[in-house]
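Subject: Structure for you, with notes

Hello,

Here is the structure I promised to pass on. Please open it beside this email; my notes follow below.

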Amino acid sequence: MDRPVTPSEAGVIRWLLDHAPVGDVSGYRLRPLEDLRVVGGCDCGCSSLFFGANEGHLRMIADASAVYSDGQEDLILWGREGEPIWLEVVVYDPRTPHPFPEIANLRTWEQRGLELLER
């Protein structure tokens, strides 16, 4: 697999960098996200995407959740040297896999906590 990132995928990555950064992510904003290429995905059937070689030291650069009516998935964006390398989609129930998340499904951990408290 080697294809351009879709506008939806770039939008999710941008949302993660804007709303759920882990530390200083300013170096990850220098290159247009629309220039990313998807070079692979996970074999388990989740929506995880690879934008580069998943080797060497990666740093968590964003962490959030995607919420659906039937559950949630966690999204962790990993990078190296200013380049997003892997968007990990953590699926907790393999019986309910979801398509690639949309921005409307995304929540910061703070938002997720407030939603759970309101129940």
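Does glutamate 9 count as buried or exposed? Glutamate 9 counts as buried, at 7% relative accessibility. Buried means under 20% relative accessible area, exposed means over 50%, and partly exposed lies in between (1.4 Å probe, protein chains only).

Some ground rules. This is a predicted model: local features need pLDDT of at least 70 and side-chain atom pairs count only at pLDDT 80 or more, while totals for chains, interfaces and linings use all residues. Residues are numbered from 1 along each chain as its sequence is written, and side-chain values use heavy atoms, with hydrogens and water left out.

Salt bridges

The structure holds five salt bridges. The term covers a side-chain nitrogen of Lys or Arg within 4 Å of a carboxyl oxygen of Asp or Glu. Here are three pairs.

- Glutamate 9 meets arginine 3 through their side chains (2.8 Å, N to O). Arginine 3 is partly exposed, at 26% relative accessibility.
- Aspartate 18 meets arginine 29 at 2.5 Å, N to O. This pair links distant parts of the chain: aspartate 18 is in helix H1, arginine 29 is in the loop between H1 and E2, and they are 11 residues apart. Aspartate 18 is partly exposed at 43%. Arginine 29 is partly exposed too, at 41%.
- Arginine 37 meets aspartate 2 at 2.8 Å, N to O. This pair also links distant parts of the chain, 35 residues apart: arginine 37 sits in strand E2 (residues 37–38), and aspartate 2 in the segment before strand E1 (3–4). Arginine 37 is partly exposed at 38%, whereas aspartate 2 is exposed at 52%.

The sheet

Helices (H or I, at least four residues) and strands (E, at least two) are DSSP runs, numbered from the N terminus. Two strands pair if DSSP finds at least two bridges between them.

Six strands form an open sheet, in the order E3-E4-E7-E6-E5-E8. The pairing is antiparallel. Strands E3 (40–41) and E8 (106–107) are the edges, and each pairs on one side only.

Look at E7 (residues 83–91). With E4 (residues 49–50), E7 shares two bridges. Leucine 49 has leucine 87 in E7 as its bridge partner, and phenylalanine 50 stands opposite tryptophan 86. With E6, E7 shares eight bridges. Leucine 87 is also the bridge partner of leucine 77. E6 and E7 form a hairpin with two residues between them. In that turn, glutamate 81 has a positive phi of about 50 degrees.

The helices

H1 (residues 7–19) lies across E4, E5 (59–68), E6 (71–80), E7 and E8. H1 runs at about 80 degrees to E6. H2 (residues 109–118) packs on the sheet and touches E5, E6 and E8. The direction of H2 makes about 30 degrees with that of E5. Contact means heavy atoms within 4.5 Å. Axes are lines fitted to C-alpha atoms, for helices over the stretch in contact, and angles run from 0 to 180 degrees between N-to-C directions.

The buried residues of H1 include Glu9, Trp15, Leu16 and Leu17.

Cysteines

How many disulfides does the structure hold? Zero. The cut-off is a pair of cysteine sulfur atoms within 2.5 Å. Cysteine 42 is partly exposed at 35%. Cysteine 46 is buried at 14%.

Best wishes
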